[in-house]
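Trainee: Please give me a close look at the aromatic pairs, and set them in the context of the fold around them.

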Amino acid sequence: MEQQVKVVIGDRLGKGQNVAKGVEAAGGIAIVIPGVGADMKLGDVMHKENADFGISFCGSGGAGAITAQTKYKYPAEYGLRSVEQGLTAIKAGKKVLGYGFMDTEELGRRLTEQFIQAKRG
């Protein structure tokens, strides 16, 4: 049996529940980091949970993603503002995606579907 895709979500304002619904709708496991400043914990939680990829949300779309990249060497793309930019980043092998605030179910679903498709080759 194929292992489910595990996605960690860290939002500067403690949100991420809508993205999590999308991840789960696509068949993935969503781990939402609780609390304000959660984006800065993204790399640590990804590492602890052995996650497939992570999504960071903050105003600039960069802080949590850059921190995860620096500390754990996860390939990251940040400053993202659309679902399509995230799909392209996953196709390019990025493991951390840094977005401006964009807590939508569609984002979580489509990114997870793309990751599953890319993993299958």
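Mentor: A residue counts as buried when its relative accessible area is under 20%, as exposed when that area is over 50%, and as partly exposed in between. By that cut-off, 48% of the 121 residues of the protein are buried. The model is predicted, and every value below is computed from it.

The fold comes before the rings. The protein has five helices and five strands, and along the sequence they follow the pattern β-α-β-α-β-α-β-α-β-α. Its radius of gyration is 12 Å, close to the 14 Å that the globule rule gives for 121 residues, so the protein is as compact as a globular protein of that length. The C-alpha trace spans about 35 × 25 × 25 Å along its principal axes. Of the contacts between residues at least 6 apart in sequence, 59% join residues at least 24 apart. About 5,900 Å² of the protein is exposed, and carbon and sulfur atoms supply 50% of that area.

Now the rings. A pair of aromatic rings is described by the distance of the centres and the angle of the planes. The structure holds three aromatic pairs. One of them joins phenylalanine 57 and tyrosine 99, with 6.0 Å from centre to centre and 35 degrees between the planes. That pair counts as tilted because planes under 30 degrees apart would be stacked and planes over 60 would be edge-to-face. Phenylalanine 57 sits in strand 3 (residues 53-57) and tyrosine 99 in strand 5 (residues 96-99), so the pair ties together parts that are 42 residues apart in sequence. Both partners are hidden from solvent: phenylalanine 57 is buried at a relative accessible area of 0%, and tyrosine 99 is buried at 0% too.

Another pair is formed by tyrosine 72 and tyrosine 74, whose centres lie 5.7 Å apart with 25 degrees between the planes, and this one is stacked. Here the two partners fall into separate accessibility classes. Tyrosine 72, at 22% relative accessibility, counts as partly exposed, whereas tyrosine 74 is buried at 12%. The under-20% cut-off is therefore what separates them.

Tyrosine 74 leads on to alanine 68. Alanine 68 lies in helix 3 (residues 63-72) and is buried, with a relative accessible area of 1%. Beyond its neighbours within four places in sequence, alanine 68 is in contact with Gly43, Lys73, Tyr74 and Val96. A buried ring of the stacked pair thus belongs to a residue that touches this helix residue. By contrast, the C-alpha atoms of alanine 68 and glutamine 17, 51 residues apart along the chain, are separated by 21 Å.

Lysine 73 is another contact of alanine 68. Lysine 73 is found in the loop between helix 3 and strand 4 (76-80). Its phi is near 65 degrees, a positive value in a residue other than glycine. At 65% relative accessibility lysine 73 counts as exposed, whereas alanine 68 is buried.

Asparagine 50 is a further case of positive phi in a residue other than glycine, with a value near 55 degrees. Asparagine 50 has its place in the loop between helix 2 (42-49) and strand 3, and strand 3 is the strand that carries phenylalanine 57. Asparagine 50 counts as exposed at 64% relative accessibility.

Helix 2 itself contains leucine 42, which is buried at a relative accessible area of 0%. Residues up to four places away in sequence aside, leucine 42 touches Val8, Ile9, Gly10, Ile33, Gly54, Ile55, Ser56 and Val96. Val96 is also among the contacts of alanine 68. Strand 3 covers residues 53-57 and strand 5 covers residues 96-99, and the contacts of leucine 42 include Gly54 and Val96. Leucine 42 and leucine 87 are 45 residues apart in sequence, and their C-alpha atoms are 19 Å apart in space.

Leucine 87 is in turn a contact of glutamine 114, along with Ile90 and Lys91, once neighbours within four places are left aside. Glutamine 114 lies in helix 5 (residues 105-120) and counts as buried at 11% relative accessibility.

One value for the protein overall closes the picture: the mean positions of its 16 positive and 13 negative charges are 4 Å apart.

Key
Residues are numbered from 1 along each chain as its sequence is written. This is a predicted model: local features need pLDDT of at least 70, side-chain atom pairs count only at pLDDT 80 or more; totals for chains, interfaces and linings use all residues. Side-chain values use heavy atoms; hydrogens and water are left out. Rings of Phe, Tyr and Trp (its six-membered ring) pair if their centres lie within 6.5 Å; planes under 30 degrees apart count as stacked, over 60 as edge-to-face and the rest as tilted. Helices (H or I, at least four residues) and strands (E, at least two) are DSSP runs, numbered from the N terminus. Buried means under 20% relative accessible area, exposed over 50%, partly exposed in between (1.4 Å probe, protein chains only). The radius of gyration is taken over C-alpha atoms; the globule rule is 2.2 Å times the number of residues to the power 0.38. Contact means heavy atoms within 4.5 Å. Accessible areas come from the Shrake-Rupley method with a 1.4 Å probe; for residues, only the protein chains shown count as cover. Lys and Arg count as positive and Asp and Glu as negative; His and the chain ends are not counted. The place of a charge is taken as NZ of Lys, CZ of Arg, CG of Asp or CD of Glu.
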